[in-house]
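Got your viewer open? Load the model, switch to a cartoon view with side chains ready to show, and follow along.

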Amino acid sequence: MGPLTPLTAGLASIIFAVAVVNIVNRAGVPNGSGRLSGRGKVLTFIVTFLVIFLVGAVVYFNTYYRATQEAVAFLDGNVNVKVAQDNGLTFYDGYGENALYIFYPGASVDTAAYAPLLSNIAERGVDCVAVDMPLHMAMLGRMKAAEVIEKYQYDEYYVGGHSLGGAMAEFFSSRYGMENGLKGFVGLAAYGTEPLPAGFRYLSIIGSEDKVINREGYDSAKELWPEGAVEYVIEGGNHSGFGLYGQQSGDGETALYGLEQIYITAMQTVDFIKEK
C-alpha cells in the first residue's frame, strides 16, 4: 500500500476527530442534563486540540514530493549498476570498490527521486547508498550514516545530501569526525552550522537559479568550511534539478535541459571524490 494522499489522510483524520469528540461529549454530559459539565468541557477542549494537532501532522508528513516515473525506473538498475534495496537503504553498486557516497535526501522529497543522480555517480565509479529518512525528514535520522559505514565495507566514505539532507549529513560529519575512513562531504544546495574537522574534504554544489536556499545563511556558513573547500556553481541550475520530483515551490526556473544538472553534479562529485 502506498503513502496516503493529503486528501485521504485529512478525510480519515477528520472522521476520526468527529467520532472522538462525539464520544467525549457524551461522556461529559451528566445524566439527563443535556449539557456538558465543566469537566466535560475541559476534556472536550483537550481532545479537540490533540486531534487537530494529529490531523495536521498526518496531512503534513504525507505531503511530500514524489519521485517521477522516470526516476523510479532507475531503481531497476542497468548493465553497469546493480541496485538493491534493504531496510531503508538503497545501494547503487557500480564498478567502484574504493569509495562509498552516503546520501541523505532533501526534506519532504521521495528518496527515489535521486535514483538518476546516484545511479550516474555509481556508473562513473563511486558506489552510493541512499538513506530513507523517518517521515521524509533527515533531521529525524541525521546519524544514520554510521549504520551505513558499519554495514558496507569500503576504504573511504563520503557523506552528503540535498538541501536539509545535506545539512544533516554535515551535522553527522561534525559529530562523527574522521573515523573509520570518513573523508569528506559533498553537499547539494546545502549548508550546515557546525565546524568540521581539520583536513576534512568539502565540496558544495549549488545552482545559480536556486531560489529556495537561504543565500544569506549559505554565504555565512562558508566561514565554517574547512581549508581547501571547493564550491561549484551550476550555471542555469536550480534547487529542484538535483532530483526528479517536479518543480519545488518557490524555486527559480532552470535554464538546463533534461537531466543535464544531474549529469553535471554526478561528474563533479566523482571527480572530487577520486581526486587525491
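On this tour, "buried" means that a residue has under 20% relative accessible area. One more thing before we start: the model is predicted.

**Stop 1: helix α8.** Select residues 260-274. By the rule of 1.5 Å a residue, these 15 residues should span 21 Å, and the end C-alpha atoms are indeed 21 Å apart. Now show the side chains of Q261, I262, I264, T265, A266, Q268, T269, V270, F272 and I273, which are buried. What do the buried residues of α8 pack against? Colour β3, α4 (115-123), β5, β6, β7 and β8 (230-234), and you have the answer.

**Stop 2: the rings.** There are 12 aromatic pairs in the structure. For one of them, pick Y158 and F272: the ring centres are 6.3 Å apart and the planes meet at 75°, so this pair is edge-to-face. Trace the chain between the partners and you'll go from Y158 in strand β5 to F272 in helix α8, 114 residues apart. Is Y158 buried or exposed? Y158 has 2% relative accessibility, so it counts as buried. F272 is buried too, at 8%.

While F272 is on screen, add R201. R201 lies over the face of the F272 ring, 4.1 Å from the ring centre.

**Stop 3: another ring pair.** Jump to Y191 and Y218, an edge-to-face pair with 6.4 Å from centre to centre and 75° between the planes. Y191 sits in the loop between β6 and β7, while Y218 belongs to helix α7 (residues 215-221), so the pair ties together parts 27 residues apart in sequence. Check the surface here: Y191 is partly exposed, with a relative accessible area of 24%, whereas Y218 is buried at 1%.

Next, select Y65, Y101, F103, Y114 and Y245 together; ring pairs link them into a cluster.

**Stop 4: helix α6.** Select residues 164-176. This helix has 13 residues and reaches 18 Å from its first C-alpha to its last, close to the 18 Å expected. How many of its residues are buried? The count is 11 of 13, so to speak of α6 as mostly covered is fair, given the under 20% cut-off for buried. Among them are M168, F171, F172 and Y176. To see what covers them, bring up β3 (99-104), α5 (145-151), β5 (156-162), β6 (182-188) and β7 (201-207), which are included in that cover.

Stay on F171 and show R142: the charged end of R142 sits over the F171 ring, 4.0 Å from its centre. Finally, step just past the end of α6 to G177, which takes a positive phi of about 75°.

Note on methods. Residues numbered from 1 in each chain as written. Predicted model: local features only at pLDDT ≥ 70, side-chain atom pairs only at ≥ 80, totals over all residues. Heavy atoms only, no water. Helix = DSSP H or I, 4+ residues; strand = E, 2+ residues; numbered from the N terminus. Expected span 1.5 Å × (residues − 1). Buried < 20%, exposed > 50% of the residue type's maximum accessible area, 1.4 Å probe, protein only. Contact = heavy atoms within 4.5 Å. Phe/Tyr/Trp six-rings, centres within 6.5 Å; stacked < 30°, edge-to-face > 60°. Lys NZ or Arg CZ within 6 Å of the ring centre and 35° of its normal.
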